[in-house]
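I opened a fresh notebook page for this one. My plan is to look things up one at a time and jot down what I find.

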Amino acid sequence: MTKNRIDFELLDGTVAILVFGIFALSSISAQFSLNIFGNSTYYLFHQIIFGIVPGFILGFIAFKINISFYKRICFIFLITTLFLMFLVFIPGIGFRSSGASRWLKLRSFSIQPSEFLKLSFIMYIAEWLAKKNDGEKIKKNARDWKVTFLPFLIIAGFITLALMLQKDMGTLMIILSSAFVIYFTAGTSIFENILIIFGGGGLVYLLIFFSGYRSNRIKVWIDFISNSLNPDHDPMGIGYQIKQAIMAVGSGGILGIGVGMSAQGIPQPMSDSIFALIAEEMGFLGCLLIILLFLFFIWRIVKIAKNSKDNFSKFFTMGVGAWICSQAFINMSAITGLLPLTGIPLPFISYGGTHILVELVAVGMVLNISKQNRK
């Protein structure tokens, strides 16, 4: 292999998704931007200036830094992001939206600390399990549940508490799924992994059961599955979004109704529900292109992880792949009615500077690892 040659296929795939997202956002946001700000490009340029440009800059910096640096700072990074998570509850610093406190207000823009938590937690779990895997393998310690299993549950429990205080079930599912993929990749026992799956499922059930709005979303989803396009529970409230989204997806057909021609009044059209409007304007072929790009992304991620020179690089790369692709799958599945609505963005595409910035930093780190693999 060529010395210092990065995985350009992953880079090209990421750029392709970003370009598609910019094109889609420019069409979908134009009318909203014109109505609110008097020009049709406000949201598009805001996305570029506060998300994509700083994301590429920080991603390039992440690409240039030695991998060993991330191993040293991962715990500090995790503690810092957890501190920011709790700052959102302080009046004057954090602010609420849609009944949840998840954002920090910084002058003319805001940040969502939970997006940074995705990256910091994956980094920390990857390094923690890499240390456990050095020397004597985790498999040899499988009988001692105190070595990995119990500490993993304690760490995951603390992260769960932080996210539940913010009422962010979607982000919790993404983070725990990514952590589980890393835990499984580390060679832990099948029995422990089965316990985590069933324990995680039980936790999700309890969190839904004891939350009125989450249980209502499940009822709406079940009604949708049972009675197509007829959510009986609060049809103009919780059920309104899924009904409008499915109508938008269905009206797109094979080729779509045309760029800029969307007529559906969907809540969160530029962020959570952008996939529905892409389906309406660009049809099945536009949706298929997005799906193929994400499949290509995960293929390159797995290839980089397989060729990684050390356990941290392998575990971290798999964690990033699980994070990006599970989030994309959940977002698209929720909008098409395959899963209940979760309120998480479509990676690299949905409007929102914080998530794109963090995703590009993660890709920069993975490209750094791919460069190390090819030396």
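A note on a word first: I call two residues in contact, or touching, when they have heavy atoms within 4.5 Å. I also remind myself that this is a predicted model.

**Entry 1: the chain as a whole**

I looked up the secondary structure and found 13 helices and three strands in the chain. The chain has 375 residues, and 51% of them are buried. I then turned to the outside: about 17,300 Å² is exposed, with 68% of that supplied by carbon and sulfur atoms. For contacts, I took the pairs at least 6 apart in sequence, and 69% of these join residues at least 24 apart.

**Entry 2: the core**

Which residues have the most contacts inside the largest nonpolar core? I found Phe-294 and Phe-316, in a core of 96 residues. Helix H11, residues 274-306, gives the most to this core, with 14 residues.

I followed Phe-316 a little further, leaving out residues up to four places away in sequence. Phe-316 touches Leu-119, Ile-122, Met-123 and Ala-126, and also Ala-362, Met-365, Val-366 and Ile-369.

**Entry 3: the second largest pocket**

I noted a volume of about 450 Å³ for the second largest pocket. Its lining has 19 residues, and I listed those nearest the centre: Leu-176, Ile-196, Gly-200, Gly-201 and Val-204. Which helices each supply at least two residues of the lining? They are H6 (149-165), H7 (169-185) and H8 (190-209). H8 gives the most, with eight residues. I sorted the lining by type and got 13 nonpolar residues, six polar and no charged.

**Entry 4: the loop between H12 and H13**

My next stop was the loop between helix H12 (311-335) and helix H13 (353-373), where I found Phe-348. Its phi caught my eye. Most residues other than glycine have a negative phi. Phe-348 is not a glycine, yet its phi is positive, at about 70 degrees.

Is Phe-348 buried or exposed? I count Phe-348 as buried because its relative accessibility is 1%, and buried means under 20%.

Pro-340 sits in the loop between H12 and H13 too. At 16% relative accessibility, Pro-340 also falls under the 20% cut-off, so I wrote it down as buried. I checked one distance as well: Pro-340 and Ile-330 are 10 residues apart in sequence, and their C-alpha atoms are 9.0 Å apart in space.

Conventions:
Residues numbered from 1 in each chain as written. Predicted model: local features only at pLDDT ≥ 70, side-chain atom pairs only at ≥ 80, totals over all residues. Heavy atoms only, no water. 1 Å grid on protein atoms, 1.4 Å probe; cavity = no way out; pocket = protein on both sides within 12 Å on 5 of 7 lines; lining within 4 Å. Points joined across faces, edges and corners; volume = space filled by probe spheres on them. Helix = DSSP H or I, 4+ residues; strand = E, 2+ residues; numbered from the N terminus. Nonpolar A, V, L, I, M, F, W, Y, C, P; charged D, E, K, R; others polar. Buried < 20%, exposed > 50% of the residue type's maximum accessible area, 1.4 Å probe, protein only. Areas by Shrake-Rupley, 256 points an atom, 1.4 Å probe, with all protein chains shown as cover. Core = buried A, V, L, I, M, F, W, Y, C linked by side-chain atoms within 4.5 Å.
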